[in-house]
Amino acid sequence: SWILEPGDVTRVCWSDNPVISRNRYFEKQNAYNSSGVLAPDFWTISGASATMARSTTQNRRGQYSLAITRAGTDCLVSQSVTYLANGVSGEDLRGATVTAAVVCWSAVASEVRVQINDGITTTSSSYHTGGSVWEELTVSAAIAAAATNVTIRVSVETSNTVCYADEAYIVEATALTDDVRRDNWNEMEVLPGTWE
C-alpha cells in the first residue's frame with residue numbers, strides 16, 4: 001500500500017536466494033525500542049527484562065553482532081516468516097520442511113540454541129557448547145498442515161550472561177548448503193515496464 005507510483009520503486013530483481021526470513025545479519029537497525037536502544041529490524045525479544053542490543057564486541061561477518069542478555073527468565077529473539085498462507089493454493093509452507101540456523105557465541109554451555117515454532121510444535125537445535133567461539137547451530141522441521149505461523153527463534157536459557165548472534169535465518173530446505181552459508185546468490189534485475 002505504500003507504493004503509490006513508479007518513482008517509489010528503485011529496482012526490482014529476481015533472486016534464487018532461498019532465505020525466507022529478513023535481516024539475517026542483524027545489520028539493519030532503523031528503529032529504537034522503548035528504552036531508546038537501536039533494535040534490529042523484523043526481530044523482537046520476549047522474556048521479562050531481557051535485552052538485545054547492537055554490539056561490536058563479538059562481530060564476525062558484518063559491522064555488528066546482536067548482544068542478547070537474559071535477565072532472570074529465559075528469552076527469545078524471534079521473527080515470524082510471512083510465507084505461511086499467501087492465498088495461492090499449494091504455495092505456502094504447510095507440509096514443507098524448513099531449516100533454521102544461528103551463528104552464535106557463548107562462554108556458557110547449554111545457554112543458546114535456535115528453534116522453529118509453527119504454532120503447534122517447537123523444534124530445537126542442540127545447544128552452543130560454551131567454548132567462547134562462534135558456532136553454527138541448525139535445526140530442521142516439517143511444518144504442520146494445521147500450522148498457524150512459522151517463527152525462527154534464538155532461545156537464551158539458564159544463564160544471565162551475554163551471548164551474541166551474528167546471523168540467524170530460515171530457508172525452505174531439508175538442510176543448508178554451502179551457497180546458503182556463503183550467502184552466494186544470483187540476482188537478475190527486472191527492467192522497468194515489465195514489473196507486472
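**A word before the views.** A residue counts as buried here when its relative accessible area is under 20%. Everything shown comes from a predicted model.

**View 1. Trp-105 meets Tyr-164.** Start with Trp-105: its relative accessibility is 13%, so by the under 20% cut-off this residue counts as buried. Its partner Tyr-164 is buried too, with a relative accessible area of 11%. Phe-26 and Trp-43, the rings of the next view, are both buried as well. Back in this view, Trp-105 and Tyr-164 make an edge-to-face aromatic pair, with 5.6 Å from centre to centre and 70° between the planes. Trp-105 sits in strand β8 (residues 97-105) and Tyr-164 in strand β13 (residues 162-171), so the pair ties together parts that lie 59 residues apart in sequence.

**View 2. Phe-26 and Trp-43, a tilted pair.** How many aromatic pairs turn up in a search of the whole structure? There are two. In this one, Phe-26 and Trp-43 are tilted against each other, with 50° between the planes and 5.1 Å from centre to centre. Phe-26 belongs to the loop between β1 (12-15) and β2 (31-32), while Trp-43 belongs to the loop between β3 (38-39) and β4, so to speak linking distant parts of the chain that are 17 residues apart.

**View 3. Strand β8 and its partners.** Eight of the nine residues of β8 are buried, so this strand is largely enclosed by the rest of the structure. Which strands does β8 pair with here? One is β11, paired with β8 in the antiparallel sense over nine bridges. Look for Thr-97, which stands opposite Ala-142 in β11. Another is β13, which runs antiparallel to β8 and is joined to it by seven bridges. On that side, Val-103 stands opposite Glu-167 in β13.

**View 4. Inside the largest nonpolar core.** In soluble globular proteins, nonpolar side chains tend to be buried together. The largest nonpolar core of this model has 33 residues, and Ile-68, Val-102, Ile-116 and Ile-170 touch the most other members. Two or more residues come from each of β6 (65-69), β7, β8, β9 (112-117), β11 (134-142), β12 (150-156) and β13. Pick out Ile-170: leaving aside residues up to four places away in sequence, its contacts include Pro-18, Ile-20, Val-81, Val-98, Ile-116 and Ile-152. A second, separate core has six residues, among them Ala-101, Tyr-169, Val-171 and Val-180.

**View 5. Two arginines over rings.** Tyr-169, one of the residues of that second core, has Arg-24 lying over its face, at 3.8 Å from the ring centre. Elsewhere, the charged end of Arg-54 sits over the ring of Tyr-64, 4.1 Å from its centre.

**View 6. An open sheet of five strands.** Follow the strands in the order β4-β7-β12-β9-β10; their pairing is antiparallel. Why do β4 (44-46) and β10 (122-124) each have one side left without a neighbour in the sheet? Both stand at the edges and have a single partner strand each, so one side of each stays unpaired in the sheet. Direction ignored, neighbouring strands of the sheet are turned by 25° against each other on average. At the β4 edge, three bridges join β4 to the antiparallel strand β7 (residues 75-81). Zoom in on Thr-44, and its bridge partner in β7 is Ser-78.

Notes
Residues numbered from 1 in each chain as written. Predicted model: local features only at pLDDT ≥ 70, side-chain atom pairs only at ≥ 80, totals over all residues. Heavy atoms only, no water. Pairing = 2+ DSSP bridges. Helix = DSSP H or I, 4+ residues; strand = E, 2+ residues; numbered from the N terminus. Axes fitted to C-alpha atoms, helices over the stretch in contact; angles between N-to-C directions. Phe/Tyr/Trp six-rings, centres within 6.5 Å; stacked < 30°, edge-to-face > 60°. Buried < 20%, exposed > 50% of the residue type's maximum accessible area, 1.4 Å probe, protein only. Lys NZ or Arg CZ within 6 Å of the ring centre and 35° of its normal. Core = buried A, V, L, I, M, F, W, Y, C linked by side-chain atoms within 4.5 Å. Contact = heavy atoms within 4.5 Å.
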